[in-house]
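Here are my notes on the model, set out as numbered points. Please read them with the structure open.

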Amino acid sequence: MSDPSKEKKNVPFDLEQAIARWLKLLRSKPAIQDGDLAELEGYLREKIEDLVGQGLSEEAAFKAAESEFAPGEALGDDYFRARNTSGFGGRPPGQPPRFLPALLWHYAKIAFRKLQRQRAYSFINVAGLAVGLAACLLILLWVKDELSYDRYHEKANRIYQLAMSEEIGGASSELAVTPFASAPAFAAEIPEVETYARLLRGSPLAVVEGRKFDLTDIYFTDPGFFDIFSHAFLEGNGQTALASPGALVLTEETARKLFGQTDVLGRTVNFNNDYNLKVTAVIKNVPTNSHFQFNGLVSLGTVANRAEIREVIEDWSRVTGWVYILLKDRADPRAVKAKMAAVTLKYYGENLRQSGSKMDFWLQPLTDIHLRSRLEGEIGSTGDIRYVYVFSLIAAFILVLACINFMNLATARSAGRGKEVGLRKVMGVRRGNLILQFMGESVLLAALASVIAVVLVGLTLPSFNRLAEKTISLSSLVGGGSILALAGLILLTGVLGGSYPALFMSAFKPAVVLKGNVGRGVKRASFRSILVVFQFSISIVLMAGTLIVFSQTRFMKTRDLGFDKEQVLVVNTRDAAARRGAEALTGNLKSNANIGEVTLSSGVPGRVYSMLVINMEGRPEQESFPAWTAWSDFDFVKTYGITIIRGRDFSRSFTSDSGGVFLINETAARRMGWGLEAVGRRIGFDTDDMREIVGIMKDFHYHSLKGPIEPLVVRLSPAADLARHAQFLSLKLQKGDIPATLAFVKDKWAERSERGFDFFFADENFDALYWREEQIGKIITAFAAMAVFVACLGLFGLASFAAEQRTKEIGVRKVLGASEAGLAALLSKEFLKWVLLANALGLPTAYFIISRYWLSNFAYRSAPGILIFLLVAGLSLFIALLTVCGQAIRAAVANPVDSLRYE
Amino acid sequence: MLSKTLVAASTKPLVLTILRNGENYGYQIIQSVRRISGGRLEWSEPMLYPLLQRMEKDGLIKSKWKITGNKRLRKYYRLTEKGIKEQEKEKAQWSMINEIFGQVLNPAITPEG
């Protein structure tokens, strides 16, 4: 081979350089070892020599020889395969193992030292992640609980609730309550129906051996109940429990309340001093994740033969209670729906045709009731699938926030590790290993954080349960897939959180890093600020959401409802017997100077439950429409301070009134098409009993502000009727000693009835309509606070990092005469800029999401004022300033001598 | 030109056979093949070296670095005991295939003949 140095001057081709380049190319293939390379080089040189010997130029010879390697890309693969067809692992042999167990301790040590070295950062990292994870876990527990409703029944997928769409006079409603008459007809005519259970709710007075107990949520039901629903029996069994009339099934709690024990089979309980029941079974308390709760069951047969009950349960027109149907295996509910329509037509079609109404039955799956039911009159309070979605989203957001924080801080911190990375690379560590190392550290931190998170969840669960009105236990975190999910979450968080720093740092070039001028983290400031903006945007959306939820609830609670809800005491008179001769009681009560007007009525604002079809005199039956209905005595309007805008109030001075006349609200007057001219016209629930409308009431809210005001009629009832209907005794209290007045009323009540004194104040009662909104508001507040906390931790970490980064700059500025205040402002300014940007992004988003998806549920809503948004903006800036300021000031007041001396 | 599959299948037995004549190194092996085949069989080293690696790993051949006269490193390969056995086995198999081909192609001993 000729000496290449000789040709260097005049010939541009340098064989040695060409070979070196060629070797370099091959060296980049990890599978080709140094030995292989030497061998290949030898080959190449010999070939070139031969070719040169044949008269080719060095350049041509090299090209020819090299061209043999044209498929050289595949060469590495060939080597790799040659060595790897047997044995384990896909690792090219030229490479050290990805994971050396011997280094495990070393990595752990480094990770631990890092934690110790940067205590503040580590704390922020771990605390932020822990709080984020804890919030996430709490929400997941909540979501899991919401989703678990009614799924514990063995036949859950075959159980349906009978639902009904009803259309009367053009107004349609979808109801969870249905006529009891329908169920036996469906069971008899539709083969898919296996069995059914009708549920009629009662609140009887139970007498056990002379002791009296007020019971609530006792249901009268069919023997099919236990064929449908799965309950655990302590005593007795499902076959016999409800088989015969007079059977009583108690829950464990009720059994203990009545008897002090659960071993009470065959014991006798008297209801309402009317009939005796025999305990046939004791079951465990109803699980909290059931869409309805009960304290006891009575066989419906006990009362079914009484004339007044029979009249109700055999009438297709009487919406009576709830019906549950068990379908046979693989039965199609839609097919059943069609058959139900046919059966309805057969049994009740004639009546429907006459009245021009519609009645459609369909089946709502049991597992949909809690979250997806949109029916009126559900048996218990239900949840809302939208909240499940929203909360899951919030959980995801908080987790993302915490992860971003983690990434952000870890990346910022990477500056300090540039040298470590450089050194490791120089010592032969490959990029994959570095990535693994950083990921490992981050997963380790995530695991640490999750341990803390679980502890946090354990500590906060009781208050969370109070807040969310749940009974979630930490043990549900352990059950089934939850542990796996948790482990997955940790891994995900760790990998997500560690991915950016891992990829970012592992790409450092050792030569540059070791010189010490890369990885000061400044270059990546823009990326990190985007993350901060993102975090704050989310926090701002949550904050704005919280405030809007609160402003809406406050709006609903403080809005003028059109009646005087202050200081009205309402006694729930559950005892019909006690109501007989109620006139005497009211007279008695009025003797107390602190009691003003007193009225007996079947409904009070916030609790108007009955709806009846209103017929109008001189108008065809097709125009009849359903209206909310209340019966009252003469003083309803006076007691509640309702304004009469046309006509007059009920009056004792009109003898004709006592036969039963009507007051209607404006909406009803409009609905009737008479407007204010309705006064003097006659309407009635029955076409053969038409009565005069004596006055029109100004519209007032008698239901939640979630819905619009609907037609309402109030009928003056004769005393005898009133005793039957009027459940509520309302008393307008004068200013004075309210507790004393309350005690007085209680005494008077006790003189008349054995039933307990059950009372509420009208305003509280009305506010209670918004408990769910308030509850949601509180939960969101809690999580918004957590999100803000996490975001602030992130900001704090970055601010202190930035301050540290700029130590020298600050020193120089100070030496050159910058003021401390000016410096602090300089440092804070940048962060505030980001937060402002976050506001600009977050506020419109919040406005859009909330007004579109939440506020639209309310018929009466407060437009989210500019004030709320200003407040959020101000608050976020204030919090950000507070977070950043401390760091900025600390940096600003530092002695420049210290910062400049330090090298 | 020989089909790719056949080249691939024959490479190993040929290398074994060449090495049966004594230790050799990569470049020389390729040259020998070309010479013996009269240029009909062209091996490239990207295909040979990984094969050598593989065979060494399977224990058929052993390699040894040697410094040649012009101070160049060369890796020499020689057969191991196992390699010799393998070579004999391969040789027998190829002979058999060859024989079968001969019989099939020779009309004298076809069934019709």
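1. Two strands count as paired if DSSP finds at least two bridges between them. With that in hand, take the sheet of chain B in this predicted model. S2(B) and strand S3 (residues 73-79) of chain B are joined by 7 bridges and pair in the antiparallel sense. One of the partners is easy to find by eye: B:Lys66 has B:Arg74 in S3(B) as its bridge partner.

2. The sheet as a whole is open and has 3 strands in the order S1-S3-S2 (chain B), with antiparallel pairing. Strand S1 (24-25) and strand S2 (61-67) of chain B are at the edges; each has a single partner strand, so one side of each lacks a neighbour in the sheet.

3. Two helices of chain B deserve a look against this sheet. Helix H1 (residues 4-20) of chain B lies across S1, S2 and S3 of chain B, and runs at about 95° to S3(B). Helix H3 (residues 45-57) of chain B also packs on the sheet, where it touches S2 and S3 of chain B. The direction of H3(B) makes about 120° with that of S2(B).

4. Turning to chain A, the domain assignment gives domain 1 (4-84), domain 2 (170-356), domain 3 (385-556 + 771-901) and domain 4 (576-753). The C-alpha centres of domain 2 of chain A and domain 3 of chain A are 53 Å apart.

5. Which residues touch the most other members of the largest nonpolar core? They are A:Ala134, A:Ile139, A:Ile398, A:Ala544, A:Phe783, A:Ala787 and A:Leu795, in a core of 93 residues. The elements of chain A that give two or more residues to this core include helix H7 (119-147), helix H15 (385-413) and helix H29 (771-805). H29(A) gives the most, with 19 residues. A second, separate core has 60 residues, among them A:Tyr196, A:Ile218, A:Phe225 and A:Ala247.

6. Two residues show contacts between parts of chain A that are distant in sequence. Leaving aside neighbours within four places in sequence, A:Ala134 is in contact with A:Ala453, A:Leu456 and A:Val457. A:Ser392, in helix H15 of chain A, touches A:Ile139 and A:Val143, again not counting residues up to four places away in sequence. The C-alpha atoms of A:Ser392 and A:Leu140 are separated by 7.0 Å, although the two residues are 252 residues apart along the chain.

7. Is A:Ser392 itself buried or exposed? A:Ser392 is partly exposed, because it has 16 other C-beta atoms within 10 Å, and a buried residue needs 20 or more.

8. Helix H10 (residues 252-259) of chain A has A:Thr254, A:Ala255 and A:Leu258 as its buried residues. These cover an arc of only 100° around the axis, so they are on the same side of H10(A). The buried residues of H10(A) pack against several strands of chain A, including strand S5 (205-208), strand S9 (247-251) and strand S11 (275-283). After H10(A) comes A:Gly260, with a positive phi near 80°.

9. Strand S16 (residues 595-601) of chain A is largely enclosed by the rest of the structure, because 5 of its 7 residues are buried. S16(A) runs antiparallel to strand S24 (residues 728-733) of chain A, and 5 bridges join them. In this pairing A:Ser601 stands opposite A:Phe728 in S24(A).

Note on methods: Residues are numbered from 1 along each chain as its sequence is written. Chains are lettered from A and ligands numbered from 1 in the order in which they are written. This is a predicted model: local features need pLDDT of at least 70, side-chain atom pairs count only at pLDDT 80 or more; totals for chains, interfaces and linings use all residues. Domain bounds come from an automatic or database domain assignment. A residue is buried if 20 or more other C-beta atoms lie within 10 Å of its own, exposed if 12 or fewer, and partly exposed in between; C-beta atoms are placed from the backbone. Helices (H or I, at least four residues) and strands (E, at least two) are DSSP runs, numbered from the N terminus. The arc is that of the directions from the helix axis to the C-beta atoms. Two residues are in contact if their C-beta atoms, placed from the backbone, lie within 7 Å. A nonpolar core is a set of buried Ala, Val, Leu, Ile, Met, Phe, Trp, Tyr and Cys residues joined through C-beta atoms within 7 Å. Axes are lines fitted to C-alpha atoms, for helices over the stretch in contact, and angles run from 0 to 180 degrees between N-to-C directions.
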